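Let's walk through this structure together, strand by strand and ring by ring. Please keep the sequence and the 3D view at hand.

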Amino acid sequence: KKNNRKMNKIFLKECFLQKTNQYDALEVLSNDKNALNLGSELFLCFDEKFDKDKKIVFAKKKNTEKVIGALSEEDAKGFKPYLDVERTDLYECRISKFDKDGDENKRFSIAIFIVSKDYVNRQQERPDANPQHNGEGT
């Protein structure tokens with residue numbers, strides 16, 4: 001029997017979050033040690049609070065404005081054009097590795113997925129859907 005279920009997302013890459021001590025990761029963990037578990041959802045965006053020139057791509061905790069870390073310049077290259085036009089909905093990010101005692105640049109690793117347009121539309125149609133983040137760091 002064939003599985004007719006459509007693929008919702010495709011794995012793109014895995015990368016480390018940089019400078020986690022300099023942003024909100026430690027605060028988030030100190031408030032709730034389970035807030036950043038394996039599989040916790042993050043989103044990619046710019047944040048003018050930390051970078052007015054929009055040169056750095058940040059990962060924020062889903063449903064908050066807490067910056068967990070930043071992507072390296074190399075890892076961020078492909079995402080910047082889409083974030084410039086506020087297409088934060090193209091990607092889904094999940095914590096894939098967490099080492100609480102690791103170096104601040106290797107504490108968190110995230111898996112980044114490209115999500116299908118149909119999946120994005122279905123998520124936006126849900127009554128409990130959250131407004132899309134525009135990456136402006138409000």
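The paragraphs below go from a central strand pairing to the aromatic rings and then to the nonpolar core.

A word on the basis: this is a predicted model, in which local features need pLDDT of at least 70 and side-chain atom pairs count only at pLDDT 80 or more, while totals for chains, interfaces and linings use all residues. Residues are numbered from 1 along each chain as its sequence is written, and side-chain values use heavy atoms, with hydrogens and water left out.

A good place to start is strand E6, residues 108-115. Helices (H or I, at least four residues) and strands (E, at least two) are DSSP runs, numbered from the N terminus. Of the 8 residues in E6, 7 are buried, so the strand is largely enclosed by the rest of the structure. Here buried means under 20% relative accessible area, exposed over 50%, and partly exposed in between (1.4 Å probe, protein chains only).

Which strands pair with E6? Strand E1 (residues 9-16) does so in the antiparallel sense over 7 bridges, and strand E5 (residues 91-98) also pairs with E6 in the antiparallel sense, over 7 bridges. Two strands pair if DSSP finds at least two bridges between them. To find the register, look for Glu14 opposite Ala111 and for Phe98 opposite Phe108.

Now to the rings: the structure holds 7 aromatic pairs. Rings of Phe, Tyr and Trp (its six-membered ring) pair if their centres lie within 6.5 Å; planes under 30 degrees apart count as stacked, over 60 as edge-to-face and the rest as tilted. Phe11 and Phe113 form an edge-to-face pair, 5.8 Å centre to centre with 75 degrees between the planes. This pair links E1 to E6 across 102 residues of the chain. Phe11 is partly exposed, with a relative accessible area of 47%. Tyr23 and Phe58 are also edge-to-face, at 5.3 Å and 85 degrees, and both are buried. Together with Phe50, Tyr23 and Phe58 form one aromatic cluster.

Finally, turn to the interior. The largest nonpolar core (buried Ala, Val, Leu, Ile, Met, Phe, Trp, Tyr and Cys residues joined through side-chain atoms within 4.5 Å) has 24 residues, and those with the most contacts inside it include Leu44, Ile110 and Ile112. H1, strand E2 (41-45), E5 and E6 each supply at least two residues of this core. Leaving aside neighbours within four places in sequence, Leu44 is in contact (heavy atoms within 4.5 Å) with residues including Phe58, Leu71, Ile110 and Ile112.
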